[in-house]
Amino acid sequence: MTALPGSLQPAWLKHRVVALRLLVIAGCVLLLEAGSRLGWINPVSFIPPSKMLLSAIELLVKGSFKTDIWLTLSAASIAVLLAVLFGFLFGVILFKLPRLRRVLDPLLLSYYAVPIFVLYPMLIVLLGLNRWPLVALGFLFAVVAMAVNTLNGLERVPAVLLRTARMLRMGRIDELRLITLPASLPFVFTGIKLAVVYSFIAVIGGEFVLSGAGFGYQIAYAYNNFDNPTMYGLMTLLLLFVGTINLLLHMAEQRLYQRRVLKELT
Amino acid sequence: MSLARNPIVSVKEATKTFSARDTGQPFHALGPVSFDLREGEFFSVVGPSGCGKSTLLDLLAGLGAPSSGSVHFEGKPVVGEVPDGIAVVFQEDASFPWLNVFDNAAFGLRRAGLPEDQVKARVDHALDFMGLSGCAGIYPSQLSGGMRQRVCIARAMVLRPRLMLLDEPFGALDQQTRLLMGEEMLKLWRDTGSTIMLITHSIDEAVLLSDRIGVMSSCPGRFIEIVETGWSPERDAQTAMDPRFGALQAQIWGMLRAESIKALKAKR
């Protein structure tokens, strides 16, 4: 029996890697702190990270941008949900209909070559001057990544598992529910991770360039008004939000992988 | 174990022809093949690579339909789906990586709606039998190839099949593990009384484990001969010391050698 990779790997080694990672981040932050305080970086354009953090805390406590934060998070969350749902269904349809897949393959491959933001004016015409064009932007940016990863996962289900399903006399629905989906879950999960990242990028990017409210808009507004503490405070908050979401997704993925895949150590 | 038993499987003039994916030309992969599997026997099939051994197993399992001829299991025709009472163990690792060892073994029983206490009793027994009782809570990724194959055998065993079809289940294992797994299969066969058909590349394995050995020709595979070993059901690794063991090996290799050369030439 091969031992559990996690248990084989000594705790001190795992912790050492994490500690080194944190050390690299802390080193960069300290370097920026020293750079701005000692005048290596122009303090007019860049404030020390400690001030950014204080400003972020202040913004959070005051609640001055509560509405904007809420608008961004809600738009991005709706975009993620829609992208995950429709991307998954689209992936399943492409898997079940290979002819359709052959037709759409080149379009899917070149999808991310199109700068999606050019669609924003058209989306405003279609959906009105509200938050929905931003949601649509987030959705459109994320949905294909979700679909392609779902398709990839479904295609990689080992044939022997499907034969086992037949051996156990499973119907189509049970096969999909009990074998195909769990077997393709790691790929589907990668699709979810990408959908989250892409939706946030599109929504915040859209706000930054074209919107009149939201996280991105307020960062751009502060930038245009030379309000460095607010701009960096909002950027820090945004980094913390997105970092936390990514960390949670990473932890969920680790739990998933720990169970099913041998890590590189074994 | 008596060999003079009723046939549990009856194959009559079965053939299989595939349509080649690239050219669309028909490809005659198997047969015609006719033979019976006797209830409670251990039957092995040996033959050159690509002769249609696994195709034959698919026909018996209901995982594929014969192009002509017929396959009957317990007197009923095998058409389109795996009949109740048949379990298959494949060469590739078919354990479910998202389920722990216990849940893997219990999968078929839970699907059949067996009460949980009975599931537990049967699975515990199977895991104990396969030497996996200490591994119930861990996941296949934490096991070696041999152990994962045991999980698959346990999953098949708990269903209490009357016929177990083993498609080179030890093919990917090292020689020592193969020998141990072979001994365990013999023990399983003796304890359960199931009929077993084993597809294997190994003449040694077939001679040691089987009551009868079907020797197949190169593609399209047909049985050249079905050899009776005459071993007692209590056979074990020591049987390999019996002078008849070497004679049987030589007899089967004598039949297979020319066919293997033919198969090799066809590949080139």
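This is a short walk through a two-chain model, given as a group-meeting talk.

Hi everyone, thanks for coming. One thing up front: what you see is a predicted model. I'll take chain A, then chain B, and then the cores.

Let's start with chain A. The secondary structure here is 11 helices and 0 strands, so to speak a run of α after α along the sequence. If you lay the C-alpha trace along its principal axes, chain A spans about 70 × 55 × 30 Å. Buried residues account for 32% of its 266 residues. As for contacts in chain A with a separation of 6 or more, 74% of them are between residues 24 or more positions apart.

Now over to chain B, which has 7 helices and 10 strands. Its C-alpha atoms fill a box of roughly 50 × 45 × 40 Å along the principal axes, and 48% of its 268 residues count as buried. For those of you who like a quick sanity check, a compact globule of 268 residues would have a radius of gyration near 18 Å, and chain B comes out at 19 Å, which agrees. Take the contacts in chain B between residues at least 6 apart in sequence, and 70% join residues at least 24 apart.

How is chain B divided into domains? The assignment gives domain 1, made of 1-85 + 163-268, and domain 2, covering 88-160. Their centres, taken over C-alpha atoms, are 24 Å apart. Where the two touch, 14 residues of domain 1 of chain B are in contact with 12 residues of domain 2 of chain B. On the domain 1 side, the elements giving two or more residues are strand E7 (163-167) and helix H5 (175-192) of chain B. That side divides into 9 nonpolar, 2 polar and 3 charged residues.

That brings me to the cores. The largest nonpolar core has 85 residues, and those with the most contacts inside it are Leu60(B), Ala105(B), Ala154(B) and Leu165(B). Helix H4 (residues 145-157) of chain B gives the largest share, 7 residues. Why does this core lie between the two domains of chain B? Because domain 1 and domain 2 of chain B both give residues to it.

If you'd like one residue to click on, try Leu60(B). Setting aside neighbours within four places in sequence, Leu60(B) is in contact with Val9(B), Val71(B), Val78(B), Leu165(B) and Met197(B). There is also a second, separate core of 52 residues, which includes Ala83(A), Leu137(A), Ala147(A) and Leu237(A).

That's my tour, thanks for listening!

Methods:
Residues numbered from 1 in each chain as written. Chains lettered and ligands numbered in written order. Predicted model: local features only at pLDDT ≥ 70, side-chain atom pairs only at ≥ 80, totals over all residues. Core = buried A, V, L, I, M, F, W, Y, C linked by C-beta atoms within 7 Å. Buried ≥ 20, exposed ≤ 12 C-beta atoms within 10 Å, placed from the backbone. Helix = DSSP H or I, 4+ residues; strand = E, 2+ residues; numbered from the N terminus. Domains from an automatic or database assignment. Contact = placed C-beta atoms within 7 Å. Rg over C-alpha atoms; globule rule 2.2 N^0.38 Å. Nonpolar A, V, L, I, M, F, W, Y, C, P; charged D, E, K, R; others polar.
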